Amino acid sequence: MAALYSTELHMTADSRALAEEQPLPEALRCTFLFMRVLSFAAFGLPDLEDHWKSLQSEQAFETVRTRLCSILASIITTAGVLLATSGVFVTTGSPVPYFDYTSPVPHCLLLMSLMLAMIALLTSGSSMIRWMHTDRHWIQEQLELGGYFVLSYLLSIVTPMFFVALSLHCFIFAMLIAGFSSQSMVCHVVTAVWLVTYVVNIGTILMETMWRYAQSR
């Protein structure tokens, strides 16, 4: 009797799992390049098929939620550091005469870095709150609608990354311009080494990203 009851429970659980397993909606089979790029930036894949599968079980969904919350927490930390650093540079003058970052172009870039860091904090914080309190059924219903709802869903994940990256690059370019505008040869050499390191690292990241995107298609 116990064995029969256990078998019935197992069959019931399997039937529920099969009932919850849903095929990929037609609205998510997008072939637009912009949507594929957003999906790749958000989940590391140019389509939403694997992400849709992760919404079919609580365990897989919790794994995705934990990973995204970890990424958003890192973005919040980075944006906070950029906000504080840019704020110091914007509100104070240069302590040495040979490195003047208060000239118009570096100062404008630092101000842009400050504002973009604020936006990154707001978007990443609101996105994290959303992920902490959402459930997979609500996300499924939103994605099934397609169109604008899928776009807003992907942008809520990618936008904080975009703003914090833009803020960081504004800060880097401000320092590069200030360094190359300096009258000190030492500043020129240090800035040149920094520029080469930056170009090499960005080039490596871009090549690896393009290779992964090509492999995942």
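1. In this predicted model, Glu 58 forms a salt bridge with Arg 136, and the closest N and O atoms of the two side chains are 2.9 Å apart. The pair links distant parts of the chain, since Glu 58 belongs to helix H4 and Arg 136 to helix H6 (residues 136–145), with their positions 78 residues apart in sequence. The two partners stand in unlike surroundings: Glu 58 is partly exposed, with a relative accessible area of 43%, whereas Arg 136 is buried, with a relative accessible area of 5%.

2. The count of salt bridges comes to two, and the other pair to look at is Arg 65 with Glu 62, whose side chains meet at 2.4 Å, N to O. Both of these residues lie in helix H4, three residues apart, which is about one turn of the helix. Arg 65 counts as buried because its relative accessibility is 14% and the limit for a buried residue is under 20%. Glu 62, with a relative accessible area of 34%, is partly exposed.

3. On the overall fold, the chain has eight helices and zero strands, so that a reader following the elements from the N terminus on meets α-α-α-α-α-α-α-α. Of the 217 residues in the chain, buried residues make up 36%.

4. The largest pocket deserves a paragraph of its own, and its volume is about 890 Å³. The pocket is lined by 30 residues, and those closest to its centre are Ala 41, Met 161, Ala 165, Ile 205 and Thr 209. At least two lining residues each come from helix H2 (33–43), helix H4 (58–91), helix H7 (148–180) and helix H8 (185–216). H7 gives the most to this lining, with eleven residues. By residue class, the lining of the largest pocket divides into 21 nonpolar, six polar and three charged residues.

5. Helix H7, which gives the most to the lining of the largest pocket, is also where Phe 173 has its place. Together with Val 105 and Ile 177, Phe 173 makes a nonpolar surface patch of about 230 Å². Phe 173 itself is partly exposed, with a relative accessible area of 37%, and therefore passes the requirement of over 30% relative accessible area that applies to residues of a patch.

6. Two further residues of helix H4 can be placed against other parts of the chain. Ala 84 is found in helix H4 and is partly exposed, at a relative accessible area of 46%; Ala 84 and Ala 117 are 33 residues apart in sequence, and their C-alpha atoms are 9.2 Å apart in space. Arg 67 also lies in helix H4 and is partly exposed as well, with a relative accessible area of 37%. From C-alpha to C-alpha, Arg 67 and Phe 43 are separated by 10.0 Å, while along the chain they are 24 residues apart.

7. Helix H4 thus recurs through this note: Arg 65 and Glu 62 both lie in helix H4, Glu 58 in helix H4 is paired with Arg 136 in helix H6, and helix H4 is among the helices that supply at least two residues each to the lining of the largest pocket.

Technical notes. Residues numbered from 1 in each chain as written. Predicted model: local features only at pLDDT ≥ 70, side-chain atom pairs only at ≥ 80, totals over all residues. Heavy atoms only, no water. 1 Å grid on protein atoms, 1.4 Å probe; cavity = no way out; pocket = protein on both sides within 12 Å on 5 of 7 lines; lining within 4 Å. Points joined across faces, edges and corners; volume = space filled by probe spheres on them. Helix = DSSP H or I, 4+ residues; strand = E, 2+ residues; numbered from the N terminus. Nonpolar A, V, L, I, M, F, W, Y, C, P; charged D, E, K, R; others polar. Patch = residues over 30% accessible without salt bridge, like charges linked within 9 Å, V, L, I, M, F, W, Y side chains within 5 Å. Areas by Shrake-Rupley, 256 points an atom, 1.4 Å probe, with all protein chains shown as cover. Salt bridge = Lys/Arg side-chain N within 4 Å of Asp/Glu carboxyl O. Buried < 20%, exposed > 50% of the residue type's maximum accessible area, 1.4 Å probe, protein only.
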